[in-house]
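Biologist: Let us go through this model one question at a time, beginning with its pockets. Please give the cut-offs as the terms come up.

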Amino acid sequence: MNLKLESKAIKAAVSQLKFRTQAFIDGRYVNAASGKTYASINPATGKPLTEIAACEAADVDAAVKAARRSFEQGVWAKRPPAERKQVLLRFADLIEENLGELALLDCLDAGKPITDCLTMDLPDSVHCFRWHAEAIDKEYDRVAPTGPANVAMIIREPLGVIGAILPWNFPFQMGAWKLGPILATGNSVVVKPARQTSLSLLRLAEIAAEAGIPDGVLNVVPGGGSVIGAALCKHPDVDAVAFTGSTEVGRQLLHYSAESNLKRVVLELGGKNPQVVFDDAGDLDYIARQALNCVFWNMGENCSSGSRLIVHRKLKAKLLARMIEFSREWIVGSPLDPATKIGPMIEESHLNKVLGYIESGKKEGAKLILGGQRALLKTGGYFVEPTIFDGVKPGMTIAREEIFGPVLSVLTFNTEEEAIALANDTQYGLTASLYSENVSRANRVARAIRAGTVSVNCFSEGDATTPFGGYKQSGFFGRDKSIFAHHQYCELKTIWMQLT
Ligand code: NDP
């Protein structure tokens, strides 16, 4: 579906949408073995979109069996790399052909603004699949520097069956970030999308089959995390689990691994990311817009959200004045409206959690200077205004906990040492941004901040060529994107040959 960013076209496309609501196991859609379903809610209206198969442990087991069989038969893992590349390139082409439909599914299911889905999430996902496909026949294994009587080959082999557990904030894109390298390296996979946002991944499974990915290689099982997520993580025949989500559940996954078969666990977790603005920073209008984008993009439901603005005392008043002015550009509205930049929170309980943090900010003495209320109540959706607190102290709850909503905490500093200490004053270490015209300072501070990605004079998560993942409690060996993501889904084997 080719979708124009224009209200009439979007409305017409919504009326034609069909939902895939069954699990996709061994190349076909099937009901949950129990026959149970659950309602998928549109967060912009609070009304059900459709009923989805509520899978349980038996369905996970069927999917793992299909994945194991496909892996052992070598229908994907043993295919020549150049052939695997062609199939994945075709997969990317087909995703691109269906980009409008997939964008709409994420928009309805997750409440993400359609403009973001169409211009960012889906194009990035297509590029992600293409990048990993292209890498397949470009990376070489190694030969160790032994003496002449031996040849020692160090080769990478696929791990086997991978469980991929996805979050709801970037439903399709996180799928692409996991599936690109998992499939490129020849593994078979069972995906559990987030309970709230399964529709685009369920549709993707069919597209994968059309592209030529063999039956059993890619399975999608929808349902609750504590049931099927846990079943997947405890399954003795799963070789690794790749996860993006909360630090709390990530920690639980390590227990599951320890209690079952010591499967590899790669985790991409939460963040409480700093944006540091020095007094020698450049154009304040530009920085104000970058800073707003860093915290309000994707409703702040983003692990890389820059939810702590750490600004030099001298610049604070000027910068905040501009940010308040430009915050008008952050229109809260229906995700289907091309002008909308902030859609609803994912669900009512999450809305209440975000509003609870706003209350705690007020109670603990921070100064509310923007927003702070629930919005668009009549829609039935879970909207909240973009919110800024000034005068935040490092010990306050809103300075320490991941809010996962459009809420910014502003802190101040006087010296570079103080700025670095504040930036690092968190259990997390996913991303950071810093603004300074002094290149030596920028380099010094970028190296001093303990985070997986530090962007200088911009807000960025890098691109397909750069790894993305966290220090400290933002991750556990997990790196999405780039060739480093391939390595985490492979075993390293030494073949030592004695020659005569
Ligand atoms: P969770 O970590 O609970 O969910 C992420 C995924 O893990 C979902 O697919 C979920 O299933 C699944 N899951 C939940 N419990 C288990 C379990 N016991 N075993 C295996 N899998 C499980 O995040 P939430 O969606 O509940 O969000 C809570 C908070 O987590 C947010 O407010 C935010 O702070 C953080 N978060 C961080 C993300 C990131 O990008 N790093 C992404 C999402 C959330 P189910 O669909 O049933 O929930």
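Biologist: Which element supplies the largest share of the lining of the largest pocket?

Modeller: This is a predicted model, in which local features need pLDDT of at least 70 and side-chain atom pairs count only at pLDDT 80 or more, while totals for chains, interfaces and linings use all residues. A pocket here is an open set of points on a 1 Å grid over the protein atoms alone where a 1.4 Å probe fits, with protein on both sides within 12 Å along at least five of seven lines, and lining residues have an atom within 4 Å of a point. Among helices (DSSP H or I runs of at least four residues) and strands (E runs of at least two), numbered from the N terminus, those that each supply at least two residues of this lining are α8 (225-234), β10 (240-244), α9 (247-259) and α12 (348-363). The largest share, 6 residues, comes from α9.

Biologist: What is the volume of the largest pocket, and which residues are closest to its centre?

Modeller: Residues are numbered from 1 along each chain as its sequence is written, and side-chain values use heavy atoms, with hydrogens and water left out. The space filled by probe spheres set on the grid points, which are joined across faces, edges and corners, comes to about 1,000 Å³ for the largest pocket. Of the 40 residues that line this pocket, the closest to its centre are Trp-168, Phe-243, Gly-245, Ser-246 and Val-249.

Biologist: How do the residues of that lining divide by class?

Modeller: Ala, Val, Leu, Ile, Met, Phe, Trp, Tyr, Cys and Pro count as nonpolar, Asp, Glu, Lys and Arg as charged, and the others, Gly among them, as polar. On that basis the lining of the largest pocket divides into 17 nonpolar, 14 polar and 9 charged residues.

Biologist: Which residues come nearest to the ligand?

Modeller: A residue is near the ligand if one of its heavy atoms lies within 4 Å of it, and there are 29 residues around the ligand. Trp-168 and Ser-246, already named among the residues closest to the centre of the largest pocket, are in the group that comes nearest to the ligand. That group in full is Trp-168, Arg-195, Gly-225, Ser-246 and Glu-402.

Biologist: How far does a polar side-chain atom of Lys-192 lie from an oxygen atom of the ligand?

Modeller: The criterion for a polar contact is a pair of N or O atoms within 3.5 Å; within protein, one must be able to donate a hydrogen and the other to accept it, and residues adjacent in sequence count only if both atoms are side-chain atoms. Two backbones also approach the ligand: a nitrogen atom of the ligand is 2.9 Å from a polar backbone atom of Leu-269, and an oxygen atom of the ligand lies 2.7 Å from a backbone N or O atom of Leu-166. For the side chain of Lys-192, the distance to a ligand oxygen atom is 3.1 Å.

Biologist: Against which elements do the buried residues of α8 pack?

Modeller: In α8, the residues Ile-228, Gly-229, Ala-230, Ala-231, Leu-232 and Cys-233 are buried, where buried means under 20% relative accessible area, exposed over 50% and partly exposed in between, with a 1.4 Å probe and protein chains only. Taking contact as heavy atoms within 4.5 Å, these buried residues pack against α2, β7 (161-165), β8 (188-192), β10 and α9.

Biologist: Which element gives the most to the lining of the second largest pocket?

Modeller: About 500 Å³ of space lies in the second largest pocket, and of its 22 lining residues, Arg-84, Arg-156, Glu-157, Pro-158 and Thr-185 lie nearest its centre. By class, this lining has 10 nonpolar, 4 polar and 8 charged residues. At least two residues each come from α2 (57-73), α3 (81-97) and β6 (150-158), and the most, 4 residues, come from β6.

Biologist: Why does Glu-416 count as buried or exposed?

Modeller: Glu-416 lies in helix α14 (residues 416-423), and beyond its neighbours within four places in sequence it is in contact with Phe-278, Arg-441, Arg-444 and Val-445. With the side chain of Arg-444, the side chain of Glu-416 also makes a polar contact of 2.8 Å. Glu-416 counts as buried because its relative accessibility is 11%.

Biologist: What is the phi of Asp-26?

Modeller: Most residues other than glycine have a negative phi. Asp-26, in the loop between β1 (23-25) and β2 (28-30), is partly exposed, with a relative accessible area of 27%. Although Asp-26 is not a glycine, its phi is positive, at about 55°.
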